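Biologist: I'm new to this one, so could you take me on a close look at a single part, the empty space inside? I'd also like to hear about the packing in the rest of the structure.

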Amino acid sequence: MADVAQKGDVTTASENLVGKRRAGDSFFLGLSTTAAASIMVILAGVAIFLILKGMPAITANWDTNHDLAGYQNKNWGSFWNYVGPLLWGSLWSSLIALVLGAPVAIGIALFISHYAPRRLAGPLAYVVDLLAAVPSIVFGLWGVIVMRPFLTPLAEFLNQYLGWIPLFRGPVSSTGSTMLAGGVVLAVMILPIVTALTREIFLQTPRLNEEAALALGATRWEMIRLAVFPYARSGMISAILLGLGRALGETMAIALIISPSILFSFAVLTDGYNSQTIAGNIANNFPIATDLQRSALIGTGLMLFVVSLAVNMLARGIIGRSATRSRKAPKIGKRA
C-alpha cells in the first residue's frame, strides 16, 4: 500500500510539473507571438504615416505650386524628377561603402575566427564591436578633420593616372568634400555589424567539416574555401545587406563630409558634383521647409523605405537559393 501511495504521489507531482511547463510554454508562446505581431504593426504604422504625409507632395503639380516650383533652386516638374537623383545618391554612396568595407570586414572576421591566437582574437573582436557604439556625428567629424585632408593626395593621384575612367574624372576637390571621403567613412561605420555577424557565422561552421578537409590534405585556406565559405555564404550575404541598410539610412556623416548637389553623378573626386543622399537632404532641409516641402521630404523617405524593403526581399531570395544549394551539395568525406 505504501508503494502504491508513493507511486501516486510521484504521478501527481509529474502531472503538476507538466501542467506548470505547459503554462510556461503557453505564456512564452503568447509573448513571442505578441512581439512578432508588434513588429508587423510598427512596420505598417510607419508605412501608413509615410504614405499619408508624403502623398500631398507626390500628387501635387510641382510646376504651379508656389512652395514646390523652384524648390531647392530648380524647377523639378514632378516629385519623381526630384526623388530620382536623391535615390541614386543614397544607392551610390552605399555601394561605395560596401565595396570598400565589406571585404575588409569579412577579412577581419576570418582572421579573428580562424587565424588569430585566442588571446588576441578576444580583444580584437571587442575593439571592433566598440565601433558600433561610436555616434555617427563623431564619425562625421573624424571624416571632416582627418579623412578629407588624408584622401586629397590619393584623389589627385587617381585623377592624374586614372582620369580616363569616368569615376575619377573632373576637377579634384581642394577641400576633400568628395563622395570618396564619404564612402570611406561609411565603410568604417558598417564594419562592426558586418564583422560581428560574419565572425559568428564562421565560428558556427561544423568542426567535422573543417577537420575532414584538413585530413584530405587541404591547406588552411583551401579548408576555409571548401568548408567555411559554403556554409557561411547566406550569413555573409545577410551581414552585407544589414551593412547596406546602415549605409542607406546614414545621415550626419554624409551631411558633414560631402559637398552635394541633387543630380545624377558617378564622380567621386569632385567638389559640388556629388550626388546628395535622401537622409542627408532631409537632415539639411527639414528644419527650414514649409508644410508642403516637408511633405516632399517625407515622400523621399517613403521611397527610401520602399528601396530598403526591396533590398531585404532580394536578400531573402538570395539566401533561400544559397541554402537550397548547400543542402543539395555533397558533403565532404562522402561520395556524391
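Modeller: The largest cavity holds about 40 Å³ of space, and keep in mind that this is a predicted model. A search through the whole structure turns up one cavity of 30 Å³ or more. To find the walls, look for Arg 148, Leu 151, Thr 152, Ala 155, Ser 173, Gly 176, Thr 178 and Leu 180, which line the largest cavity. Helix α4, residues 136-162, supplies the largest share of that lining, with four residues. Sorted by class, the lining is a mix: three nonpolar residues, four polar ones and one charged.

Now for the packing. The largest nonpolar core is made of 57 residues, and those with the most contacts inside it are Trp 62, Tyr 71, Tyr 82, Val 185, Val 268 and Leu 269. Helix α4 turns up again here, among the elements that give two or more residues to this core; the others are α1 (2-58), α2, α5, α7 (220-248), α8 (252-257) and α10 (291-328). Of these, α10 gives the most, with eleven residues.

Two of those contributors also pack against each other. Helix α2 runs over residues 79-115 and helix α5 over residues 179-203; their axes come within 6 Å and cross at roughly 35°. The crossing of α2 and α5 is right-handed. By class, the contact between α2 and α5 has 21 nonpolar residues, along with seven polar and one charged.

Definitions and conventions:
Residues numbered from 1 in each chain as written. Predicted model: local features only at pLDDT ≥ 70, side-chain atom pairs only at ≥ 80, totals over all residues. Heavy atoms only, no water. Axes fitted to C-alpha atoms, helices over the stretch in contact; angles between N-to-C directions. Left-handed = near helix turned anticlockwise from the far one by under 90°. Nonpolar A, V, L, I, M, F, W, Y, C, P; charged D, E, K, R; others polar. 1 Å grid on protein atoms, 1.4 Å probe; cavity = no way out; pocket = protein on both sides within 12 Å on 5 of 7 lines; lining within 4 Å. Points joined across faces, edges and corners; volume = space filled by probe spheres on them. Core = buried A, V, L, I, M, F, W, Y, C linked by side-chain atoms within 4.5 Å. Buried < 20%, exposed > 50% of the residue type's maximum accessible area, 1.4 Å probe, protein only.
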